[in-house]
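These are my notebook entries on a single structure. I set out to look up its cysteines, its aromatic rings and the surroundings of its ligand.

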Amino acid sequence: MKLKEITEKNRIAWNAVMPYHQKAKKEEWDRNFRKTGYIIQQEPELRRLKELGIAGKKIIHLCCNNGRELLSLKNMGADFCLGVDISDAAIKGAKERAATCNIAVDYLRSDVYDLGDEYTGCFDLVYMTIGGLVWLPDIKRFFGIVNKLLKPEGHFFIYDSHPFSNLLPWEGDANTKVEITQPYFHSEAWEWSDGMDYYGGAEYEAPVHFEFTYTLSEILMALIYNQIEIRFMGEYEKDISCGFEWLEQRSMKLPLSYILIGQKQKDIIDGDKTNKSGRSKNCRI
Ligand SMILES: C[S@@+](CC[C@H](N)C(=O)[O-])C[C@H]1O[C@@H](n2cnc3c(N)ncnc32)[C@H](O)[C@@H]1O
């Protein structure tokens with residue numbers, strides 16, 4: 001199957017689950033974001049974002065889904081904020097929340113691979129959070145897009161599930177024996193047809209969807225290949241996936257999440273395509 005066909009199936013699957021996510025979380029998130037300056041990020045992410053500095057930055061959040069984290073970045077003083085997601089229903093919900101809570105951020109329904117030249121070199125920060133990367137069929141090409149979006153010396157920030165957690169079973173309790181149930185190395189797409197309501201647990205007929213599990217070295221090498229220098233990496237025992245809370249309680253701590261911060265190199269800007277400050281001439285933001 002072509003990569004575009006995979007993404008199209010994923011778009012349909014995300015549209016199908018969004019009403020259930022909205023049902024489970026809309027009221028809570030709307031209520032919280034009506035409070036002035038509300039911030040949804042927690043430690044260890046919050047500390048790293050503060051260290052990086054959010055105020056005054058132009059930020060693009062890729063695979064933003066419901067858009068909640070971008071609202072927080074705006075509340076932390078970010079300048080221009082754009083959330084991008086393939087799902088029509090996710091973008092609709094995100095736009096509605098931003099309007100309801102009167103927070104000036106923008107959302108765009110687009111495949112990340114289709115982001116046009118008008119965004120080239122526009123952003124100080126490309127931001128990604130839990131569960132974004134697994135949907136992207138070509139990781140090398142993806143980080144090429146990240147490079148393209150960033151201003152020279154701009155940062156890439158990701159807080160996601162640790163690739164190690166791909167090995168582990170999703171369900172368990174304090175007595176469950178921790179067993180390896182899936183391979184670490186797997187270059188094909190995983191095909192699923194189970195429901196994705198990880199917030200409300202609703203059972204519904206889920207359209208087929210496809211995920212990709214990347215190893216740590218595949219992630220790092222895709223960044224390196226695209227001239228994004230690694231500035232920080234942290235591994236955490238904290239589960240951010242809604243799937244492994246049962247593992248957090250164990251005395252044997254496992255790597256369940258990670259933060260990775262990269263920085264675009266300064267010296268790879270094509271002089272013909274940029275103005276004196278290194279900003280793309282195509283950038284309309
Ligand atoms: C697990 S969700 C992200 C959740 C979000 N980090 C949060 O915590 O609320 C993954 C999102 O990636 C989006 N997505 C998948 N493939 C995409 C693509 N090619 N371009 C843009 N968005 C994509 C899906 O529509 C979905 O909303």
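Entry 1: cysteines

How far is the sulfur of C81 from the closest cysteine sulfur, and in which residue does that sulfur lie? I note beforehand that I am working with a predicted model. I found the closest cysteine sulfur to that of C81 in C64, at 11 Å, which is too far for a bond. C81 has a relative accessibility of 2%, so I recorded this residue as buried. I then looked up C63, whose closest cysteine sulfur also belongs to C64. The separation there is 8.1 Å, and I again noted that this is too far for a bond. The cut-off I applied to sulfur pairs is 2.5 Å.

I next searched the whole structure for disulfides and obtained 1. This disulfide joins C122 to C283, with an S to S distance of 2.2 Å. C122 is in the loop between strand 3 (106-109) and strand 4, while C283 is in the segment after strand 9 (257-264), so the pair ties together parts that are 161 residues apart in sequence. I checked the burial of both partners. C122 is buried, at a relative accessible area of 0%, and C283 is buried as well, at 10%.

Entry 2: aromatic pairs

I turned to the rings and counted 13 aromatic pairs in the structure. For W14 and W135, I read a distance of 5.2 Å between ring centres and an angle of 75° between planes, so I entered the pair as edge-to-face. W14 belongs to helix 1 (residues 3-33), and W135 to the loop between strand 4 (123-128) and helix 5 (139-149); the pair therefore ties together parts that are 121 residues apart in sequence. W14 counts as buried at 10% relative accessibility. W135 is likewise buried, with a relative accessible area of 12%.

I compared this with W190 and W192. Their ring centres are 5.7 Å apart and their planes lie at 5°, so this pair is stacked. Is each of these two residues buried or partly exposed? W190 is buried, with a relative accessible area of 16%, whereas W192 is partly exposed, at 27%.

I also followed the ring pairs from residue to residue. They link W14, W29, W135, Y198 and Y199 into a cluster. One charge over a ring was entered here too: the charged end of K140 sits over the ring of Y225, at 4.1 Å from its centre.

Entry 3: ligand

Which residues are the closest to the ligand, and how many surround it? I listed 19 residues around the ligand, with N65, N66, R68, D85 and T129 as the closest. I then looked up individual polar atoms. An oxygen atom of the ligand lies 2.5 Å from an N or O atom in the side chain of R68. N66 places a polar side-chain atom 2.9 Å from an oxygen atom of the ligand. For I86 the entry concerns the backbone: a polar atom there is 3.1 Å from a nitrogen atom of the ligand.

Taken on its own, the ligand has 610 Å² of accessible area, of which I found 98% covered by the protein. Lastly, I asked which elements give two or more residues to the shell around the ligand. They are helix 1 and helix 3 (68-75).

Notes
Residues numbered from 1 in each chain as written. Predicted model: local features only at pLDDT ≥ 70, side-chain atom pairs only at ≥ 80, totals over all residues. Heavy atoms only, no water. Phe/Tyr/Trp six-rings, centres within 6.5 Å; stacked < 30°, edge-to-face > 60°. Helix = DSSP H or I, 4+ residues; strand = E, 2+ residues; numbered from the N terminus. Buried < 20%, exposed > 50% of the residue type's maximum accessible area, 1.4 Å probe, protein only. Lys NZ or Arg CZ within 6 Å of the ring centre and 35° of its normal. Near = heavy atom within 4 Å. Polar contact = N/O pair within 3.5 Å; in protein donor to acceptor, adjacent residues only side chain to side chain. Areas by Shrake-Rupley, 256 points an atom, 1.4 Å probe, with all protein chains shown as cover.
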